[in-house]
Amino acid sequence: MNKNIILCGVGGQGTVLASKLIAAAAMKKELPVMSAETIGMAQRGGSVFSHIRIGEGLHSPMIAEGTADVILGFEPGEAVRMLPYLKDGGQVIVSSRGIMPVTAALSGTPYQSGEMVRYLKTRTEYLLVIDTDEACRKLGSSRVLNMLLLGAAIHSGALGLTDAEIKEVIKERVPEKYHKINFRALEYTHNY
């Protein structure tokens, strides 16, 4: 199993945690993993992205343009920004909730997440849009967006990982008081 996975969002969405959970679950399966993250502006609501490569014969953690199997877009505009990395036939799983990027806020440029989702629909063959606002409301926490997208990616088969494998690493890396809500969020997208 060789997989090239990009996670992208803005600071505070749990992108880095989701990336670390994917890498840890793959390593538990004794699969070679390489990853790289850009988180410099994360605390200011800036762009955050992770490249995760799983499989044999890897020489760099960075994913070349046109070779990503899946993009997990925690924010629609960031998913659009990473779209050149998606390979033909690759899959995009994206949150419907937009967060105005710092660059748009500073420039006064209007930003509409719906426009970003519509653009993704015209440029991707396999797009799964998750209504994360509704899901977070039903689950009672806005802090589970990362688990919602991770669950959707698992259930779609895009990651080559299972619920049980991710739950095992959550138990090891996330405080116990958050296990139940995270597990519920992972399972929420099972029927998407």
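Glu30 is exposed, with a relative accessible area of 73%. This residue sits in the loop that joins helix 1 to strand 2, and the model in which it is placed is a predicted one. Its phi is positive, about 60°, although Glu30 is not a glycine. Most residues other than glycine have a negative phi. Along the chain, Glu30 comes after helix 1.

**Helix 1**

Helix 1 covers residues 15–28, and its 14 residues, at 1.5 Å a residue, should span 20 Å; the C-alpha atoms at its ends are 20 Å apart, so the two values agree. The buried residues of this helix are Thr15, Ala18, Ser19, Leu21, Ile22, Ala23, Ala24, Ala25 and Ala26. Both strands and helices contribute to the cover over these buried residues: it includes strand 1 (3–10), strand 2 (33–38), strand 3 (47–54) and strand 4 (68–73), together with helix 6 (145–156) and helix 7 (163–173).

**Helix 8 and its partners**

Helix 8 (residues 179–188) has its axis within 11 Å of the axis of helix 5 (residues 132–139). Contacts of helix 8 with helix 6 and with helix 7 are also present. The table gives the axis geometry of the three pairs.

| Helix pair | Axes come within | Crossing angle |
|---|---|---|
| Helix 5 and helix 8 | 11 Å | roughly 140° |
| Helix 6 and helix 8 | 7 Å | roughly 45° |
| Helix 7 and helix 8 | 11 Å | roughly 160° |

For helix 5 and helix 8, the axes cross at roughly 140°, which makes helix 5 oblique to helix 8. The crossing is right-handed. On the helix 5 side the contact is made by Glu134, Ala135, Lys138 and Leu139, and on the helix 8 side by Ile181, Arg184, Ala185 and Tyr188. Sorted by class, the residues of this contact are 5 nonpolar and 3 charged, with no polar ones.

For helix 6 and helix 8, the axes come within 7 Å and cross at roughly 45°. Helix 6 is therefore oblique to helix 8. Helix 6 also passes helix 8 in a right-handed crossing. Helix 6 contributes Met147, Leu148, Leu150, Gly151, Ile154 and His155 to the contact, while helix 8 contributes Asn182, Ala185, Leu186, Glu187 and Tyr188. The classes here are 7 nonpolar, 3 polar and 1 charged.

For helix 7 and helix 8, the axes cross at roughly 160°, and because angles over 145 degrees count as roughly antiparallel, helix 7 is roughly antiparallel to helix 8. This crossing is right-handed. The residues of helix 7 that take part are Asp163, Ile166, Lys167, Ile170 and Lys171, and they meet His179, Asn182, Phe183, Leu186 and Glu187 of helix 8. By class, this contact has 4 nonpolar, 2 polar and 4 charged residues.

Some residues of helix 8 recur in these lists. Ala185 and Tyr188 are among those that meet helix 5, and Ala185 and Tyr188 are also among those that meet helix 6. Asn182, Leu186 and Glu187 take part in the contact with helix 6 and in the contact with helix 7.

**Three single residues**

Lys167 is located in helix 7. With a relative accessibility of 18%, Lys167 counts as buried, the cut-off for that class being under 20%. Apart from neighbours within four places in sequence, Lys167 is in contact with Phe183, Leu186 and Glu187. Phe183, Leu186 and Glu187 are among the helix 8 residues in the contact with helix 7.

Tyr178 lies in the loop between helix 7 and helix 8. Its relative accessible area is 39%, so Tyr178 is partly exposed. Tyr178 and Val144 are 34 residues apart along the chain, and their C-alpha atoms are separated by 9.8 Å.

Lys87 belongs to strand 5 (residues 86–95). At 32% relative accessibility, Lys87 counts as partly exposed. Not counting residues up to four places away in sequence, Lys87 touches Gly66, Thr67, Ala68 and Asp69. The residues Ala68 and Asp69 fall within strand 4 (68–73), one of the elements that cover the buried residues of helix 1. Lys87 and Ala64 are 23 residues apart in sequence, with a C-alpha to C-alpha distance of 9.6 Å.

How values were computed:
Residues numbered from 1 in each chain as written. Predicted model: local features only at pLDDT ≥ 70, side-chain atom pairs only at ≥ 80, totals over all residues. Heavy atoms only, no water. Axes fitted to C-alpha atoms, helices over the stretch in contact; angles between N-to-C directions. Helix = DSSP H or I, 4+ residues; strand = E, 2+ residues; numbered from the N terminus. Parallel < 35°, antiparallel > 145°, perpendicular 65-115°, else oblique. Left-handed = near helix turned anticlockwise from the far one by under 90°. Contact = heavy atoms within 4.5 Å. Nonpolar A, V, L, I, M, F, W, Y, C, P; charged D, E, K, R; others polar. Expected span 1.5 Å × (residues − 1). Buried < 20%, exposed > 50% of the residue type's maximum accessible area, 1.4 Å probe, protein only.
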